[in-house]
Amino acid sequence: MPLKRTCIVSGAQTKFGVLEGVTLREMFAEAVNRVTVDADIPKKDIQAVFVGSFIPEMLVHQGHTAPLLADFAGLRGLPATRHEAACASGATALRAGIMAIESGLYDVVLVAAAEKMTGVPTSKATEALAAAADDDFESGIGLTFPGVFGMAAVAHMQKYGTTEEDMALVAVKAHKNASTNPYAQFNKEITLEKALTPRYIAWPLKLFDCSPISDGAAAVVLTSADVAKKYTDTPVRIVGTGQASASMNISGRTELASFEASVKASKMAYDMARLGPKDMDFAVVHDCFTIAEIIASEDIGFFKPGEGAKAVRDGVTALDGDRPINPDGGLKAVGHPVGATGVKQAVVVYRELIGEAGKNQVANHTTGIQHNFGGTGATCVCNVFRRADA
């Protein structure tokens, strides 16, 4: 049965990228102020705070972040809880907020997420990110995330004939979309030739196949349907949500050209919404690597297995294509402050559905799906959104 109560009435993010001199709490507060004060939503109306953040202990030496961040953002005294699920931390916080509204416990909650990654050397950030992998079987013996996704790319290439050029085209599309996105880390288009520059990170993945290390924060205000119109004339309903898990390490999997948690979570969200992939106008998926976007587009049912790369080649997933994917530029070009990404994706869907995505606006915007996963797909959350007036 579709969710009945939950609406997004406001969504905002900070600039993503290398935010020198800006602290974790300052980014968080900026996103919160944009989503409340700038949207004429009084902070006193917020009843609870759900925070997404992955590894502040390792990146900024700060644990117990939820009450700290809520306090600094002017929300002292409210119940504030942090959710951690690697790169899916933001989406699990969002899902907790959804459940809080659907249960009837609250009518107005804040979901906000932030990560400060560039304050430490790249080697330290890489070590911290490795905590999202199985230490005994993968990261502890030197298998990095580019290495794991490189193996997934090889599996997809061998099974379906996907090429390095197909993956490079995903990067070209991402940078083109991000070139008109004021919040993006990279506001610059790249050519296919540049994307194919053979600077390998983990074969067959090259530099432009990988998302960057980033800082950033994002926030949404969720309300019950009963009070949504108090805050906006254009609420967006969340009509389906799904979450699934899978083996933390690839030795426990039988398939590398697909992520089973993505398949299960998206099916759960579609079934709850009583909608299917064909009903979606666009998708915002977790493209931490270019191959991840191709695989995700198949796992959420936008294309049959093995046809994701062809859709990219044919321009189907472009901003002006029939099935746009990552119209904002995705993780690949907007940036990937890991714990914040899941909430940022919800902000992107929200903006698209209410028609306020500016130069990144998709033509059809009644329904959309968000796909956010953690690690190599050990956690996946999918949410289906629908404009309330549709």
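## Helices, strands and the model itself

Helices (H or I, at least four residues) and strands (E, at least two) are DSSP runs, numbered from the N terminus. With that in hand, P204 is easy to place: it lies in the loop between β5 (200–202) and β6 (205–206). The peptide bond leading from W203 into P204 is cis, with omega near 5 degrees.

What you are looking at is a predicted model, where local features need pLDDT of at least 70, side-chain atom pairs count only at pLDDT 80 or more, and totals for chains, interfaces and linings use all residues. Residues are numbered from 1 along each chain as its sequence is written, and side-chain values use heavy atoms, with hydrogens and water left out.

## Helix α1 and its surroundings

Let's start with a bit of helix arithmetic. The expected span of a helix is 1.5 Å times one less than its number of residues. For the twelve residues of α1 (residues 24–35) that gives 16 Å, and the end C-alpha atoms are 17 Å apart, which agrees.

Which residues of α1 are buried? Here buried means under 20% relative accessible area, exposed means over 50%, and partly exposed is in between (1.4 Å probe, protein chains only). The buried ones are L24, M27, F28, A29, A31, V32 and V35. Spacing helps you read such a list: an α-helix has 3.6 residues a turn, so residues three or four places apart point the same way. The buried residues of α1 pack against the strands β1 (6–13), β2 (48–52), β4 (108–115) and β7 (216–224), and also against the helices α2 (56–59) and α3 (65–72).

Just before this helix comes T14, in the loop between β1 and α1. T14 has a relative accessible area of 1%, so it is buried. Contact means heavy atoms within 4.5 Å, and, not counting residues up to four places away in sequence, T14 touches L19, M27, E30, A31, R34, Y183, G216 and A217.

## Two nonpolar cores

A nonpolar core is a set of buried Ala, Val, Leu, Ile, Met, Phe, Trp, Tyr and Cys residues joined through side-chain atoms within 4.5 Å. The largest one has 55 residues, and F149, F289, I291, F302, I369 and V384 touch the most other members. Apart from it lies another core, of 38 residues, with A48, A113, V220 and V236 among them.

## Helices α10 and α7

I291 also turns up in helix α10, among its buried residues. How many of the ten residues of α10 (residues 290–299) are buried? Ten of the ten are, so this helix is largely enclosed by the rest of the structure. Leaving out residues up to four places away in sequence, I291 touches F149, A152, A153, H156, M167 and L205. After α10 comes G301, whose phi is positive, near 85 degrees.

A171 is found in helix α7 (residues 164–178). Its relative accessibility is 0%, so A171 counts as buried. Leaving aside neighbours within four places in sequence, A171 is in contact with I190, F208, T290 and K332.

## Empty spaces

Rolling a probe the size of a water molecule over the atoms shows where empty space is left. On a 1 Å grid over the protein atoms alone, a cavity is a set of points where a 1.4 Å probe fits but cannot get out, while a pocket is an open set with protein on both sides within 12 Å along at least five of seven lines; lining residues have an atom within 4 Å of a point. Grid points are joined across faces, edges and corners, and a volume is the space filled by probe spheres set on the points.

The largest pocket has a volume of about 800 Å³. Of the 38 residues that line it, the closest to its centre are L129, C210, S211, P212 and I213. Helix α5 (122–129) and helix α6 (145–160) are the elements that give two or more residues to this lining, and α5 gives the most, with five. The structure also holds one cavity of 30 Å³ or more. The largest cavity has a volume of about 40 Å³ and is lined by V148, A152, I250, R253, E255, L256 and F259.

## Two unusual loop residues

H64 has a positive phi of about 50 degrees although it is not a glycine. H64 sits in the loop between α2 and α3 and, at 65% relative accessibility, counts as exposed. R274 has a positive phi too, of about 55 degrees, and is not a glycine. R274 lies in the loop between α9 (260–273) and β9 (282–284), and its 61% relative accessibility makes R274 exposed.
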